[in-house]
Number of protein chains: 2
Amino acid sequence: MAVRKVYGSLNSPATLKVLACLFEHDLDFEFVPVNLDAGEQKKKAFLSINPFGQVPVYEDGGIKQFESRAIIRCMAHEYGKKGEELIYWDAKEQAILANWIDVEDHWFEPPAMKLIFEMVIKPKNGLAPDQGVVAEAEAKLGHVLDVYERQLSKFKYLASDKFTIVDVIHLPNLQSLMGMPAKKLIESRPRVRAWCSEILARPSWAKVLEMKHKAQAYAAS
Amino acid sequence: MAVRKVYGSLNSPATLKVLACLFEHDLDFEFVPVNLDAGEQKKKAFLSINPFGQVPVYEDGGIKQFESRAIIRCMAHEYGKKGEELIYWDAKEQAILANWIDVEDHWFEPPAMKLIFEMVIKPKNGLAPDQGVVAEAEAKLGHVLDVYERQLSKFKYLASDKFTIVDVIHLPNLQSLMGMPAKKLIESRPRVRAWCSEILARPSWAKVLEMKHKAQAYAAS
């Protein structure tokens, strides 16, 4: 029996972030699918593990966490492989990582998710994207990526010269954006484009995509 | 010359969180006011220290941070007084704090700030609150405070039995809510009410309010 459990959905970017982090650390875990279309995350059984009704929930040795970035920070502190940690122990370097984790949370993800909603989720449900919303979100995301382009002129990865959890938490939304017209925002910025293509090629991310493809094949069979 | 600088506004909850944390740790700092009404945070000089144009920015020994929760986490790790740290060093306990920091960020603050905008900021500018928005935000905040009421039946403070940065980051918005009709949401929940009144009585918070009052008296003189 795996000691670690992830209750989540392969359609949830937050779940995919946690899975990528587990694979980065070579950790065993059990994946417990939560059917978001059926509203399982709002039912009593699930609310008893996350009162806010969102995936993922991560369980490890009796501790339950339900905020994805909190899960990832702690996992990287607890299980970092000696010399290959995805965090820093030094206070000043930790401060920089903490700052860029919150940038992803407050600046990158909101316009990215708005674009994914308009351009992927609405069309899947037979609705047309609202072009005004799309234009506004693209402008906001473009501004964020300008900041990233400058960061990436100073560092190899977004927060430092090594790959860290700051990069990990960008993976699912970058993957989605690359399959949409908004990929022009990434491709027109050379350093962002190179960073994006390098981190999407991580073996951990390939394993997440494999899980997703297997589940899709199973659902279609 | 103070080694630490806070560029911010006494009208910004995020700035006040950082100030409360500085006072909790008895740290010297220089406060550099940024005039939000004059849009100083969107001008070139400020954008060079925070490309996202928001206060506060915190400078300590060459490191500049602009996300308030990141600043607070790192300050508490670097300057915690032996035996009175506002964080935990143990991985499992850290995981719990990290989770509740993100709860404040994602669940508590959004409806709280919506209420403050409708009930305080709009009336100050001669606008009427939108009662539909108020009702929706009160319902959301009420749900969050139900979760807090249950947490506080297990722990003395929000994330554990000791006062931590999770409590610190709630101070400014709790203070504002207590001066508005939404205080009924706090007062109708006995444990939330007791927690709120205890943490608002911290000497660190009294010092923040004193800074605010002095600045107001100076502006009015």
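Domain bounds here come from an automatic or database domain assignment. The model is predicted.

**Exercise 1. Two domains in one chain**

Find the domains of chain A and state how far apart their centres are.

*Solution.*
Step 1. Mark the bounds. Domain 1 of chain A covers 5-84, and domain 2 covers 91-203.
Step 2. Take the centres over C-alpha atoms. They are separated by 21 Å.
Step 3. List who takes part in the contact. Domain 1 of chain A brings eleven residues, and domain 2 of chain A brings 16 residues.

**Exercise 2. What the domain contact buries**

Work out how much area is buried between domain 1 and domain 2 of chain A, and which residues of domain 1 lose the most.

*Solution.*
Step 1. Start with the total. About 1,100 Å² is buried between the two domains of chain A.
Step 2. Split it by atom type. Carbon and sulfur atoms give 65% of this area.
Step 3. Turn to the domain 1 side. Lys17(A), Arg69(A) and Arg73(A) lose the most area to domain 2 of chain A. Together they make up 49% of what that side buries.

**Exercise 3. Charges and helices at the contact**

Count the salt bridges between the two domains of chain A, then describe the side that domain 1 presents.

*Solution.*
Step 1. Count the salt bridges. There are seven between domain 1 and domain 2 of chain A.
Step 2. Look at one pair. Arg69(A) forms a salt bridge with Asp105(A). Their closest N and O atoms are 3.6 Å apart, and the cut-off is 4 Å.
Step 3. Add the polar contacts. Five residue pairs across this interface qualify, with both residues at pLDDT 80 or more.
Step 4. Find the helices. On the domain 1 side, H1 (13-24) and H3 (68-79) of chain A each supply at least two residues. H1(A) gives the most, with six residues.
Step 5. Sort the domain 1 side by type. It has six nonpolar residues, one polar and four charged.

**Exercise 4. The surroundings of Phe31(B)**

Place Phe31(B) in its strand and name the residues it touches beyond four places in sequence.

*Solution.*
Step 1. Locate the strand. Phe31(B) is in S2 of chain B, residues 30-33.
Step 2. Compare sequence and space. Tyr7(B) is 24 residues away along the chain, yet the two C-alpha atoms are 6.2 Å apart.
Step 3. Read off the contacts. Phe31(B) touches Val6(B), Gly8(B), Ser9(B), Leu10(B), Thr15(B), Leu19(B) and Met211(B).

**Exercise 5. Two copies**

What rotation superposes chain B on chain A, and through which surface do the copies meet?

*Solution.*
Step 1. Read the rotation. It is 180°, with 0.0 Å of shift along its axis and an RMSD of 0.0 Å.
Step 2. Name the relation. This is a two-fold axis.
Step 3. Compare the interfaces. 100% of the interface residues of chain B are also interface residues in chain A, so the copies meet through the same surface.

Definitions and conventions:
Residues numbered from 1 in each chain as written. Chains lettered and ligands numbered in written order. Predicted model: local features only at pLDDT ≥ 70, side-chain atom pairs only at ≥ 80, totals over all residues. Heavy atoms only, no water. Contact = heavy atoms within 4.5 Å. Buried area = accessible area lost by both parts, 1.4 Å probe. Salt bridge = Lys/Arg side-chain N within 4 Å of Asp/Glu carboxyl O. Polar contact = N/O pair within 3.5 Å; in protein donor to acceptor, adjacent residues only side chain to side chain. Nonpolar A, V, L, I, M, F, W, Y, C, P; charged D, E, K, R; others polar. Least-squares fit on C-alpha atoms with pLDDT ≥ 70 in both.
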